[in-house]
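Please read the following account alongside the sequence and the coordinates. The text goes from the relation between the protein chains to their parts and then to the DNA.

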2 protein chains.
Amino acid sequence: MAGRRGPTEHGVRDQIVEAARAHFSRFGYGKTTVADLAKAIGFSKAYIYKFFDSKQAIGQAICAQTLEQVFASGKASIAEGKSESDKLRRFFNGVIAASAELFFEDKMLYDIAAHAAEERWPSVIAYMERAEETLKAIILAGRESGEFERKTPIDETCEAILLAMQSFMNPLMLKHNLKDLPEDPAKVINLVLRSLAP
Amino acid sequence: MAGRRGPTEHGVRDQIVEAARAHFSRFGYGKTTVADLAKAIGFSKAYIYKFFDSKQAIGQAICAQTLEQVFASGKASIAEGKSESDKLRRFFNGVIAASAELFFEDKMLYDIAAHAAEERWPSVIAYMERAEETLKAIILAGRESGEFERKTPIDETCEAILLAMQSFMNPLMLKHNLKDLPEDPAKVINLVLRSLAP
DNA sequence: CTAGTGACGATATTGGCATATGGTCACAAC
DNA sequence: GTTGTGACCATATGCCAATATCGTCACTAG
């Protein structure tokens, strides 16, 4: 994990993350100081730096946590899918719905994610990689069952789909596309499914 | 035309636009004052306002001009296309190449376009509408010739394609996708063409 | 050794004030 | 009528000192 320090497993690290999540969510990243976090957990500011390289590293941790939840939401939506097409549709809808909810219900955390996307933080890279893995599994299953075409190289297919969905998957871009949810992503998903037809 | 005033055809209007283009390009929108423009054309600042509602209206004009050139670049690329698929590919590649060139060669003007996209200025709406028209013409021709499928409603097809290509067509989003040009858009175009297959 | 901190330097950030800028208007010249 | 402007106001911007914040380090306690 980038930006970490000291003992990997440690109660204080968890306390820091917990306090950071609460503060970032309520006051925003910019308006909370690491002194605030220190006060919240009852230690000195210097002690925080035994566990994290920087304030930004704490931001990374919160962002990773947040994106993890968004991703989990998409992953969970897959279960209800009856076919691989359906699973693909539900996966994207799930992720997008969770992202949009984050935007409306927890704007401060959303802004961290958007900033992370802009700066290409590892948490966003990891999030995209996991999305790609999940997508790949669905498509391979669909190819196996004859639901999808098999000619196009699998990696190109996955990359292309994620690029096409980028406007809705990437928090930085999604925020400019909120007004036509969920219709717009549905249109692109339909296009993607047409492109997957055997 | 939004933000305009006074005589539609007028030499001074053209002078203003010309001076604005030169100044915005060299110093940026923020760093050029309307007094600068007035001085450049040898009139008083007040006279500028006989032709434009606001400084932003001048920015709109420059942005419209810039996007017009980008669009024209894409439109011109179509001519060399041998098939409708080829035309579609060339159109997007042309637009994206022109946009990228603008980014690297005329960053100041690019920034105006990106800002316009963020604020949904009419010039950007018009640009997207023209792209949609052009795309629609190509697809209809392709449907006519049997090159493309005909089941999907034409408007949904066009909207979906533009949404899928948005990351590269929209200046605001393109700037985050410059590092993998032209491979990344090519992947999405391939996906789009697969989705159009009969 | 581990847990923990106060004090410190370097760098952001803020608040207020002077100035610059966007935009209007009444008016002059023709 | 059209062409053109200086003077003006309200707001935005730039600037600079005071302050706040980040991050480190030497150090203490057990």
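The paragraphs below describe a predicted model.

Start with the two protein chains. A turn of 180 degrees with a shift of 0.0 Å along the axis lays chain B on chain A with an RMSD of 0.1 Å. This is the relation of a two-fold axis. The contact residues of chain B recur in chain A to 100%, so the same surface serves both copies, as contact is defined here. Within chain B, the residue whose C-alpha comes closest to the rotation axis is B:Ser195, at 1.8 Å.

The contact between the chains takes 19 residues from chain A and 19 residues from chain B. On the chain B side, at least two residues each are supplied by helix H8 (154–169), helix H9 (171–174) and helix H10 (183–196). H8(B) gives the largest share of that side, with 8 residues. Sorted by class, the side of chain B that touches chain A holds 8 nonpolar, 6 polar and 5 charged residues.

Next comes the division within a single chain. Chain A consists of domain 1 (11–56) and domain 2 (60–196) according to the domain assignment. The centres of these two domains of chain A, taken over C-alpha atoms, are separated by 30 Å. Where they meet, 8 residues of domain 1 of chain A are in contact with 9 residues of domain 2 of chain A. Helix H1 (residues 11–27) of chain A contributes 5 residues, the largest share of the domain 1 side. That side of domain 1 of chain A is made up of 4 nonpolar, 3 polar and 1 charged residues.

In chain B, helix H4 (residues 55–78) can be followed in some detail. The helix has 24 residues and reaches 35 Å from its first C-alpha to its last, close to the 34 Å expected at 1.5 Å a residue. Its buried residues include B:Ile58, B:Ile62, B:Leu67, B:Val70 and B:Phe71, and B:Gly59 and B:Gly74 are also among them. The buried residues of H4(B) pack against four helices of chain B, namely H1 (11–27), H5 (84–105), H6 (107–118) and H7 (122–144).

The last part is the DNA. Which residues are closest to DNA strand D? Of the 15 residues that surround the strand, the closest are A:Thr33, A:Ser54, A:Lys55, B:Phe43 and B:Ala46. Two or more residues each come from helix H2 (34–41), helix H3 (45–48) and helix H4 (55–78) of chain A, and from helix H3 (45–48) of chain B. The surface near DNA strand D has 9 nonpolar, 4 polar and 2 charged residues.

Definitions and conventions
Residues numbered from 1 in each chain as written. Chains lettered and ligands numbered in written order. Predicted model: local features only at pLDDT ≥ 70, side-chain atom pairs only at ≥ 80, totals over all residues. Near = placed C-beta within 6 Å. Nonpolar A, V, L, I, M, F, W, Y, C, P; charged D, E, K, R; others polar. Least-squares fit on C-alpha atoms with pLDDT ≥ 70 in both. Contact = placed C-beta atoms within 7 Å. Expected span 1.5 Å × (residues − 1). Buried ≥ 20, exposed ≤ 12 C-beta atoms within 10 Å, placed from the backbone.
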